[in-house]
Each structure stands twice: as structure tokens, then as C-alpha cells.
Amino acid sequence: MNTLGNRREVFGFRKDMYKSVSPLFGVVRRSELEMLQEYWSHMSQQSMILEVGCGTGFLSQFLIQKGFVVDGIDFEFSKPKGVRKYWQEDLRERWPADIKFKAYDLVISLASMHHIALNGSQKPPTAFISGALKSLRPNGSLVICDVARPQSATLACSNPAIRTAKFFQEVVDTYTVPPHCGEYLDRNRTQNALIQLGFKCVCHKYVHCPWLFKSHDEMCAFIKILFNLTDITDKYLNKILNSYIGISNHVDGCIELNWGLQVFSAIVQDHI
Ligand SMILES: C[S@@+](CC[C@H](N)C(=O)[O-])C[C@H]1O[C@@H](n2cnc3c(N)ncnc32)[C@H](O)[C@@H]1O
């Protein structure tokens, strides 16, 4: 039986570790929020947003501060502060039955889908796509921002999203305790699934969203705790981060880790 306990082992996610570094997200991950602004900049205050895999509420709380009404779904965490309605649901299995039809202007997921996608599928689960489609208003949009899939070495040299993907594949999936085993979304499979299940205007892009740290020590501690990399020394981690992702000095004196993600966006036009 697929109980919560069993799922935790498969999940490879240390809730306590994640929670302990989440107070730093507002500084470290602020460029992720800046990069995503284009997806809600046209929306008026009081627009309705559903965040899928909202975790400790990093994105939800930012959206609430902007004046949006935010609901959330997550499997592991409890309802983040300020979120209006919340469902604790395993989205690999089902979309919550009592979510209103055509209620949201935006359904958004940040850094969650590589946990939610089913093993071997490289695309979001059907229940998730169909549920999001049903829950969106006409012209509403679905935005999935997540770790990319590692591709060719040539692309890896130039693209921060692909370098971050390789870091996940070769470091996070290898050293995280319990094992991480992310299922990273494939561009074509995901776009096809979105179109087949009824979304229109499906787009994809790679984005650069550097993580910012006050020092190398802070960067190492953050990455080690976030991914629970217990078996890696700071020296080795620094070397890996330099070679996979690239570290530079930001103008404000911060250390910039050249993080990158992929974004899928899809619009519902005429509704089913
Ligand atoms: C890496 S965290 C990202 C959290 C948050 N969006 C952020 O950016 O900080 C992944 C989140 O996905 C949630 N999650 C993982 N598997 C899930 C599933 N099957 N159904 C629903 N939520 C899930 C986890 O509980 C966790 O909060």
C-alpha cells in the first residue's frame, strides 16, 4: 500500500533540513521570484493563484504580499502562513476532488515537479495536468518551473539550466540521504502531454536565476543542508560547484552561484 511512510522513503526529501534553511530563501533564491514575475505581472490584485508543491511557502508568501489570493497543495508540509485554502495531497495519485472548477487565474509549481513526476515518465502526471486544466479559468495559465534534464556536453558548457541539471544528476541524486532520485521533465514529452490533455500555447525556456550568498561558507552550508549532502567535504563541494555550476562575484559583493531552471508555460484558451 502506498502509505505516507512508504512514500517518504521513495521521495528522498529531508523536510527538517529543508525547513531549517528556508528562512534564507528570500535572499538566496530571490532571482527565481524575479524571473517568474512575467507570469503574474498582467494579473490584477485579488486574482486567484494555486501553488502546487508549496513547501514552506517561499513563493506563496511572496504572491500573497503582491495582493493575490493564494491556495496551496503539498504532500509533506503543513499549510504555509497566509495561504487561504490548503490540501495535503499526493499529486502523483490524484488531484484534490473538492478544488473548484475554473477557479484560478494561475496554477504554478516551483521546484516540485521533479518529485511529483512518476518514475520513468519525464512528464507531469496526467491527474496533475488534467486537474490544473479543470481548475483554471479561460485564459488562465499553468507555469511549471523546475530543474531541467541534463543533455549534451556542448549545451552543458553554455547553459546554466543544464549545468544545474547535471549537478542534480551527478551530485544531488548520488549523495543525498535518503536518495533523491528526481524525475526531471523532458521538454518534448511534457509539451506533448500538456497539448494532448487540452492546453493551448505551450512554451518552454531555460532561465538563469543565480542563487546569492554572503560568503563561500554560507553557500557550502546552505547546499549541504538543503540536499543533506552528509558525505561531502566543503573543499570537494566547492570544487564541484565551481566546475558544474560556476561561481562568480556579484556586484553587491555577494557570491553568485549560476543556478538555472526550465520553465513550461501553457494557456487555457477555449475551455473544455
Ligand atoms: C523542493 S520542494 C519545493 C518547495 C517550494 N515550491 C519551494 O520552491 O521552496 C518540493 C515540494 O514538493 C512537495 N511534493 C513532493 N512530492 C509531492 C507529491 N507527490 N504531491 C504533492 N507535493 C509533493 C514536497 O512536499 C515539497 O514541498
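Okay, let's start right at a helix contact: H216, C220, I223 and K224 on the α11 side meet D234, L237 and N238 on the α12 side. By type, the residues of that contact split into three nonpolar, two polar and two charged. Keep in mind as we go that this is a predicted model.

How do we describe a pair like that? Two packed helices get described by the angle between their axes and the distance between those axes. Here, α11 covers residues 216–226 and α12 covers residues 234–245, and they pack at an angle of about 95° with the axes 10 Å apart. That makes α11 roughly perpendicular to α12, since anything from 65 to 115 degrees goes in that bin.

Now, between those two helices there's a loop, and F227 sits in it. Is F227 buried or exposed? It has 25 C-beta neighbours inside 10 Å, so F227 counts as buried; the cut-off is 20 or more. Setting aside neighbours within four places in sequence, F227 is in contact with V172 and T176. And if you want a long-range distance to check on your own screen, F227 and C145 are 82 residues apart in sequence and 19 Å apart in space, C-alpha to C-alpha.

Staying with α12, look at its other partner here, α9. The axes of α9 and α12 come within 8 Å and cross at roughly 140°. So which word fits that geometry, given that roughly antiparallel needs an angle over 145? Oblique: that's what α9 is to α12. On the α9 side you've got R163, T164, K166, F167 and V171, and they meet I240, Y244 and I245 in α12. The make-up of that contact is five nonpolar, one polar and two charged residues.

While we're on α9, E170 lies in that helix too. E170 has 13 C-beta neighbours inside 10 Å, so it counts as partly exposed. From E170 to P150 is 20 residues along the chain, and their C-alpha atoms are separated by 9.8 Å.

Right, the core. The largest nonpolar core has 65 residues, and the members that touch the most others are I49, V107 and L142. Which helix gives the most to this core? That's α9 again, residues 160–175, with seven residues. As for L142, leave out its neighbours within four places in sequence and its contacts are V107, A132, L136, F199 and A266.

Next, a spot I'd like you to click on: R149, in the loop between β5 (136–146) and α8 (153–158). R149 is an arginine by name, and it's buried, with 22 other C-beta atoms within 10 Å. What does R149 touch, once residues up to four places away are not counted? A165, Y184, L185 and D186. Take L185 from that list: R149 and L185 are 36 residues apart in sequence and 6.3 Å apart in space, C-alpha to C-alpha.

Some backbone oddities for the torsion people. There's a cis peptide bond between V177 and P178, with omega at about -10°. P178 lies in the loop between α9 and α10 (187–196). C181 is found in the loop between α9 and α10 as well, and its phi is near 50°, a positive value in a residue other than glycine. With 14 C-beta neighbours inside 10 Å, C181 counts as partly exposed.

Then there's Q46, with a positive phi of about 75° although it is not a glycine. Where's Q46? In the loop between α4 (30–36) and β1 (48–52). Q46 is exposed, with 9 other C-beta atoms within 10 Å.

Let me zoom out to finish. The protein has twelve helices and ten strands. Its radius of gyration is 18 Å, close to the 19 Å that the globule rule gives for 272 residues, so it is as compact as a globular protein of that length. The C-alpha trace spans about 55 × 45 × 40 Å along its principal axes. Of the 272 residues, 38% count as buried. And on contact order, take the contacts with a separation of 6 or more: residues 24 or more positions apart account for 68% of them.

Methods. Residues are numbered from 1 along each chain as its sequence is written. This is a predicted model: local features need pLDDT of at least 70, side-chain atom pairs count only at pLDDT 80 or more; totals for chains, interfaces and linings use all residues. Axes are lines fitted to C-alpha atoms, for helices over the stretch in contact, and angles run from 0 to 180 degrees between N-to-C directions. Helices (H or I, at least four residues) and strands (E, at least two) are DSSP runs, numbered from the N terminus. Angles under 35 degrees count as roughly parallel, over 145 as roughly antiparallel, 65 to 115 as roughly perpendicular and the rest as oblique. Two residues are in contact if their C-beta atoms, placed from the backbone, lie within 7 Å. Ala, Val, Leu, Ile, Met, Phe, Trp, Tyr, Cys and Pro count as nonpolar, Asp, Glu, Lys and Arg as charged, and the others, Gly among them, as polar. A nonpolar core is a set of buried Ala, Val, Leu, Ile, Met, Phe, Trp, Tyr and Cys residues joined through C-beta atoms within 7 Å. A residue is buried if 20 or more other C-beta atoms lie within 10 Å of its own, exposed if 12 or fewer, and partly exposed in between; C-beta atoms are placed from the backbone. The radius of gyration is taken over C-alpha atoms; the globule rule is 2.2 Å times the number of residues to the power 0.38.
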